[in-house]
Amino acid sequence: MAEYTVEFVGTDDVITVSDKQTILRACLDEGIAQEYSCRVGMCLACCAEIIEGTVTQPAAHALSEEEREGFALTCMARPESDLKLRRGVYPPSIEFDAEAGADAAPADD
Ligand code: FES
């Protein structure tokens with residue numbers, strides 16, 4: 001079993017995560033405030049941008065193959081190296097969906 005250091009940039013949060021453990025599980029065990037909801041890779045609530053390092057996340061169904069290169073679903077992702085992650089950053093597809101939703105909303109009169 002290998003262990004890696006996971007640093008959340010912009011915070012003082014640094015934890016050790018084994019390659020057998022999800023990043024979210026390690027956060028919860030350490031009392032780190034990581035957002036989550038479904039815990040099955042579908043909702044993106046736990047998403048973080050990968051600033052440095054690599055993860056394995058074959059069950060991250062809410063991310064496209066391309067998005068998996070730059071984002072981690074922490075409820076599914078296990079480290080393959082030391083990591084730097086930025087919380088609260090979501091893939092562009094989410095931003096696009098939000099804009100489409102705003103355009104589709106009825107205007108207040
Ligand atoms: S908690 Fe829903 S995708 Fe991770």
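**Entry 1: the hairpin.** I began with strand 1 and strand 2, which make a hairpin with 5 residues between them. In the turn I looked up Gly10 and found a positive phi of about 85°. I'm working from a predicted model here, so I'm noting that up front. Strand 1 covers residues 3–8 and strand 2 covers residues 14–18; they run antiparallel, joined by 5 bridges.

**Entry 2: Glu7.** Which residue of strand 2 is the bridge partner of Glu7? I checked, and Val14 is the one. Then I looked towards strand 7, where Glu7 stands opposite Lys84. Strand 1 and strand 7 run parallel, and I noted 3 bridges joining them.

**Entry 3: the whole sheet.** I listed the strand order of the open sheet as 2-1-7-3-5, which makes 5 strands with mixed pairing. Why is one side of strand 2 and of strand 5 left without a neighbour in the sheet? Both stand at the edges, strand 5 being 71–73, and each has a single partner strand, so there is no neighbour on the other side. I also looked up the turn between neighbouring strands of this sheet: 40° on average, direction ignored.

**Entry 4: the helix.** Next I went to helix 1, residues 23–30, which packs on the sheet. I found it touching strand 1, strand 2 and strand 7. Its direction makes about 125° with that of strand 2.

**Entry 5: Ser81.** I finished with Ser81, which sits in the loop between strand 6 (78–79) and strand 7 (83–87). Leaving out residues up to four places away in sequence, I got Tyr4, Gly53 and Thr54 as the residues Ser81 touches. With Thr54 there's a polar link too: the Ser81 side chain reaches the backbone nitrogen of Thr54 at 2.9 Å.

Technical notes. Residues are numbered from 1 along each chain as its sequence is written. This is a predicted model: local features need pLDDT of at least 70, side-chain atom pairs count only at pLDDT 80 or more; totals for chains, interfaces and linings use all residues. Side-chain values use heavy atoms; hydrogens and water are left out. Helices (H or I, at least four residues) and strands (E, at least two) are DSSP runs, numbered from the N terminus. A polar contact is a pair of N or O atoms within 3.5 Å; within protein, one must be able to donate a hydrogen and the other to accept it, and residues adjacent in sequence count only if both atoms are side-chain atoms. Contact means heavy atoms within 4.5 Å. Two strands pair if DSSP finds at least two bridges between them. Axes are lines fitted to C-alpha atoms, for helices over the stretch in contact, and angles run from 0 to 180 degrees between N-to-C directions.
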